[in-house]
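Visitor: I am new to this structure and should be grateful for a close look at a single part of it. Please choose a helix, describe its charged side chains, and then place that helix in its surroundings.

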Amino acid sequence: MLITWLRSLLQYPHQNSAILSTHFFNLKDFNIHVRSEAEYEYQLLKFWSEENELPRTERKKKRKDLERRYKPRFCFAYVSGAFVNYLYNREVKQYSISELEAFIADIGQTC
């Protein structure tokens with residue numbers, strides 16, 4: 001539902017940029033990884049809504065710069081995939097939140 005709402009806002013980016021900014025900057029999470037991924041996704045949405053008129057080479061250059069500045073070390077897809085593999089390899093069928101948090105802390109130290 002959130003993604004549908006965001007896409008509807010991006011159909012008219014110039015009219016809705018204030019709404020996007022207000023909502024994204026007011027959303028905060030205590031977890032730094034969640035915040036950094038949210039910031040990256042916000043910057044990507046902003047980029048694609050504003051930079052479509054640029055020539056391809058300049059758009060590509062700006063996108064790479066955006067990735068260098070904002071792309072997080074972890075993203076939800078990476079962590080969830082690694083955790084599923086971890087559970088599968090150890091034949092674990094149930095886990096606790098503390099085990100998940102410990103796993104995330106461990107991969108955070110290795111990266």
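Guide: The account below begins with the whole chain, turns to one helix in detail, and then visits the other parts.

The model is a predicted one. The protein has 111 residues, of which 21% count as buried. Its secondary structure amounts to six helices and zero strands, giving the pattern α-α-α-α-α-α when read along the sequence. The accessible surface comes to about 9000 Å², and carbon and sulfur atoms hold 56% of that area.

The part chosen for a close look is helix H4, which covers residues 56-70. What gathers on the surface here is a patch of positive charge, made up of Arg56, Lys60, Lys64 and Arg68. Lys64, one of the members of this patch, lies in helix H4. Its relative accessible area is 44%, so Lys64 is partly exposed. That value also satisfies the rule for patches, because residues must have over 30% relative accessible area and no salt bridge to be included.

Helix H4 also carries a pair of opposite charges. Glu67 and Arg63 form a salt bridge in which the closest N and O atoms are 3.1 Å apart. The structure holds one salt bridge, and this pair supplies it. How far apart are Glu67 and Arg63 in helix H4? They are four residues apart, which means that about one helical turn separates them. Both partners have some access to the surroundings: Glu67 is partly exposed with a relative accessible area of 26%, and Arg63 likewise counts as partly exposed at 26% relative accessibility.

A contrasting acidic residue is found in helix H3, namely Glu37. Glu37 is buried, yet it has no salt bridge. The nearest side chain of opposite charge belongs to Lys71, and it is 9.9 Å away. A salt bridge requires a side-chain nitrogen of Lys or Arg within 4 Å of a carboxyl oxygen of Asp or Glu. What does Glu37 touch, once its neighbours within four places in sequence are left aside? Its contacts are Pro72, Cys75 and Phe76.

Pro72 also features in a second relation with helix H3. Ile32, which lies in that helix (residues 32-50), is 40 residues from Pro72 in sequence, while their C-alpha atoms are 9.8 Å apart in space. Ile32 has a relative accessible area of 53% and is therefore exposed, whereas Glu37 is buried.

Further along the chain, helix H5 (76-89) and helix H6 (97-110) are joined by a loop that contains Glu91. Glu91 has a positive phi of about 55° although it is not a glycine. Most residues other than glycine have a negative phi. At 69% relative accessibility, Glu91 counts as exposed.

Helix H6 includes Phe103, which is buried with a relative accessible area of 10%. Phe103 touches Val79, Ala82, Phe83 and Tyr86, when residues up to four places away in sequence are not counted. Val79, one of these contacts, is 24 residues from Phe103 along the chain, and the C-alpha atoms of the two are separated by 9.1 Å. For the protein as a whole, residues 24 or more positions apart account for 44% of the contacts with a separation of 6 or more.

To return to the part requested, helix H4 holds both Lys64 of the positive patch and the bridged pair Glu67 and Arg63.

How values were computed:
Residues numbered from 1 in each chain as written. Predicted model: local features only at pLDDT ≥ 70, side-chain atom pairs only at ≥ 80, totals over all residues. Heavy atoms only, no water. Patch = residues over 30% accessible without salt bridge, like charges linked within 9 Å, V, L, I, M, F, W, Y side chains within 5 Å. Areas by Shrake-Rupley, 256 points an atom, 1.4 Å probe, with all protein chains shown as cover. Lys, Arg positive; Asp, Glu negative; His and termini not counted. Charge placed at Lys NZ, Arg CZ, Asp CG, Glu CD. Helix = DSSP H or I, 4+ residues; strand = E, 2+ residues; numbered from the N terminus. Buried < 20%, exposed > 50% of the residue type's maximum accessible area, 1.4 Å probe, protein only. Contact = heavy atoms within 4.5 Å.
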